[in-house]
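Colleague: I am new to this structure and would like a close look at one part of it, with enough of the surroundings to see where that part fits. Could you take me through it slowly?

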Amino acid sequence: MNRLPARLLLSLLVSLSCVLAMPGASHAAVYAQIEGTGSTWSQLIVEQWIADVDANGMKVVYTGGGSSKGRKDFSQKSTDFAISEIPYQGTDEQGNADTSNGREYSYLPIVAGGTAFTYQLKIGDKPVRNLRLSGETIAKIFTNKITNWSDPAITKDNNGRALPSLDITPVVRADGSGTTAQFTTWMDKEFPSVWRPFFGRSGLTSYYPRKGRAIAQAGSDQVMNTISGFAGNGTIGYVEYSYPVNKDYPVVKVLNKAGYFVEPTDYNVAVALTKAKINRDKSSALYLTQILDGVYRNADPRAYPVSSYSYMVIPTGKTDSRMTTAKRQTLADFLYYSLCSGQTKAGDFGYSPLPVNLVQAGFEQIGKLKQADPAVNLSNRDVRSCNNPTFDGKNLNKNKLAEVAPQPAACDKTGAGPCGTETGQNKPSTDGGGAATPDANTPAAPGGGGAAAPSAPGGGAPPAVDPATGEVAAPTGDTATAEEVYANPTELAAERPIDSKTFGWLAAVLAVGIVVLPGVYAASLRRRRRPGGAR
């Protein structure tokens with residue numbers, strides 16, 4: 001019994017630390033399991049967030065299946081939420097109804113990223129990991145106008161580098177896919193003369209037309225597995241960048257409007273999305289949906305053209321038959337974590353964190369859960385304390401990730417290179433304060449000078465920038481590699497999944513415990529010794 005005070009205090013400290021680690025720690029939340037389906041484009045990061053919040057007592061179940069399935073399941077009230085890259089279309093391209101069937105809902109931005117073009121292509125037994133393609137070439141590949149890797153357009157994109165004579169096999173989605181919708185929207189906007197004759201009309205589609213040598217697979221994971229498989233040589237497909245990053249597989253560097261070939265790192269996506277427009281008409285069913293024309297045509301050398309973000313479809317009706325206070329609380333706290341601390345992990349998974357305007361819009365949508373049920377607790381929800389790597393709570397007018405995004409290397413510019421650095425590594429391709437590594441397969445320059453990458457017109461590449469500090473990198477005595485100069489983007493994700501205010505309280509309580517516990521324990525020992533004297 002003499003040890004009881006120490007044990008009690010220790011138990012109280014442990015219990016209090018668990019409570020403080022919960023989102024919305026000022027109240028004892030009652031949670032209930034929530035379930036959702038939809039996007040495979042977003043699935044990898046969503047699954048990570050689900051694992052993170054599980055330790056806090058939140059049970060979230062998510063199954064992919066594609067954006068179209070997610071919207072349909074939500075409309076039939078078989079799920080509590082959906083995730084989709086595109087909004088309800090009213091009527092889809094197959095003439096089927098695509099509505100919420102009267103269920104009240106709102107769109108909530110959830111994560112940004114780039115639609116990547118991953119491929120398997122070998123020269124002999126050596127895989128090509130630095131392929132470059134213009135948008136027009138990509139559109140022609142996926143509409144059967146370019147069918148062989150030795151096509152002159154591909155050779156031109158790679159600055160004269162001749163690739164093997166090998167049939168191209170496009171790998172497309174077999175299911176209703178938001179990734180397909182994003183890709184075909186881009187082609188319809190940027191290359192209508194290529195896309196529309198193939199599709200038969202204008203506009204996007206969630207169901208990619210399978211023609212020619214194309215292979216159709218359900219889900220991003222199956223597209224990725226087909227391309228990376230034993231028989232995958234010659235294939236190319238479209239997936240969210242996280243899939244090739246997770247698989248350590250190359251992606252195409254896509255030509256942007258500034259004349260640079262870039263891949264969809266979190267930096268390049270963040271830069272591209274600075275030109276995104278958002279539907280701000282709150283009376284519109286398309287409130288918060290994205291208008292990406294400016295993204296496709298962003299003239300910044302760092303911008304990745306096929307950048308976008310996905311939405312969670314959340315139920316907002318007061319009388320929604322699936323929803324309870326406990327479910328709404330779970331959804332609210334899960335979303336708060338996802339929009340704030342969860343975004344610190346986006347870069348690590350091949351996504352890009354949401355900027356402040358989308359986070360603020362997301363907070364507004366979470367507020368509709370409380371409007372539907374006043375018992376939902378949304379206290380301590382302030383964007384200024386939101387632990388998100390794209391903005392600083394003291395200055396919400398800057399996109400930190402876009403500001404520190406490094407400039408591309410000289411060898412990434414049209415007419416130069418290709419660079420010898422590998423893609424799909426989730427690292428910037430930069431000069432790093434010195435000359436970029438030339439590719440061994442690049443044809444030698446006239447005069448026998450070897451394959452050194454020529455400088456970009458106008459004085460070489462833009463200056464290299466340290467992504468951790470935003471400062472121009474100072475050259476060193478030796479030629480530095482990109483890995484030596486540039487911090488890994490995943491180092492942005494160093495915070496625990498709790499906000500800074502919660503962590504401050506937790507640290508203070510634990511500090512008090514460290515000071516008090518030894519004294520309590522010593523007093524307990526002294527009381528034990530008194531009856532029998534010294535031991």
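**A pair of helices and the sheets**

Modeller: Helix H12 and helix H13 are roughly antiparallel to each other, a label for angles over 145 degrees, whereas under 35 is roughly parallel, 65 to 115 roughly perpendicular and the rest oblique. What you see is a predicted model, in which local features need pLDDT of at least 70 and side-chain atom pairs pLDDT 80 or more, while totals for chains, interfaces and linings use all residues. Residues are numbered from 1 along each chain as its sequence is written, and side-chain values use heavy atoms, without hydrogens or water.

The axes of H12 (residues 325-339) and H13 (residues 356-372) come within 10 Å and cross at roughly 170 degrees; axes are lines fitted to C-alpha atoms, for helices over the stretch in contact, and angles run from 0 to 180 degrees between N-to-C directions. H12 brings Arg328, Leu331, Ala332, Leu335, Tyr336 and Leu339 to this meeting, and H13 brings Val359, Gly362, Phe363, Ile366, Leu369 and Ala372, where contact means heavy atoms within 4.5 Å. Helices (at least four residues) and strands (at least two) are DSSP runs numbered from the N terminus.

Turning to the surroundings, an open sheet of 8 strands runs in the order E2-E1-E3-E17-E6-E12-E10-E11, with mixed pairing, two strands being paired if DSSP finds at least two bridges between them. Its edges are strand E2 (60-65) and strand E11 (215-217), each of which pairs on one side only, and neighbouring strands of the sheet are turned by 25 degrees against each other on average, direction ignored.

Within this sheet, all 9 of the 9 residues of strand E17 (residues 307-315) are buried, so E17 is largely enclosed by the rest of the structure; buried means under 20% relative accessible area, exposed over 50% and partly exposed in between, with a 1.4 Å probe and protein chains only. Both of its faces are covered, with Ser307, Tyr309, Tyr311, Val313 and Pro315 on one side and Ser308, Ser310, Met312 and Ile314 on the other. Strand E3 (residues 81-84) pairs with E17 in the antiparallel sense over 3 bridges, and there Ile83 stands opposite Met312. Strand E6 (residues 105-119) also pairs with E17 in the antiparallel sense, over 9 bridges, with Tyr107 opposite Val313.

E6 in turn pairs with strand E12 (residues 235-240), again in the antiparallel sense, over 5 bridges, and Thr115 of this pairing stands opposite Glu240 in E12. Helix H2 (residues 43-54) lies across E2, E3 and E6, and runs at about 170 degrees to E2.

Further along the sheet, strand E10 (residues 169-173) holds Val172, a buried residue with a relative accessible area of 1%. Beyond its neighbours within four places in sequence, Val172 is in contact with Phe142, Tyr208, Ile215, Ala216, Gln217, Val223 and Tyr238. The C-alpha atoms of Val172 and Ala218 are separated by 8.5 Å, although the two residues lie 46 residues apart along the chain.

There is also an open sheet of 3 strands, in the order E9-E13-E14 and with mixed pairing. Strand E9 (132-133) and strand E14 (261-262) stand at its edges with a single partner strand each, so one side of each is left without a neighbour in the sheet. Strand E13 (residues 253-255) and E14 run antiparallel and are joined by 2 bridges, with Val254 opposite Val262.
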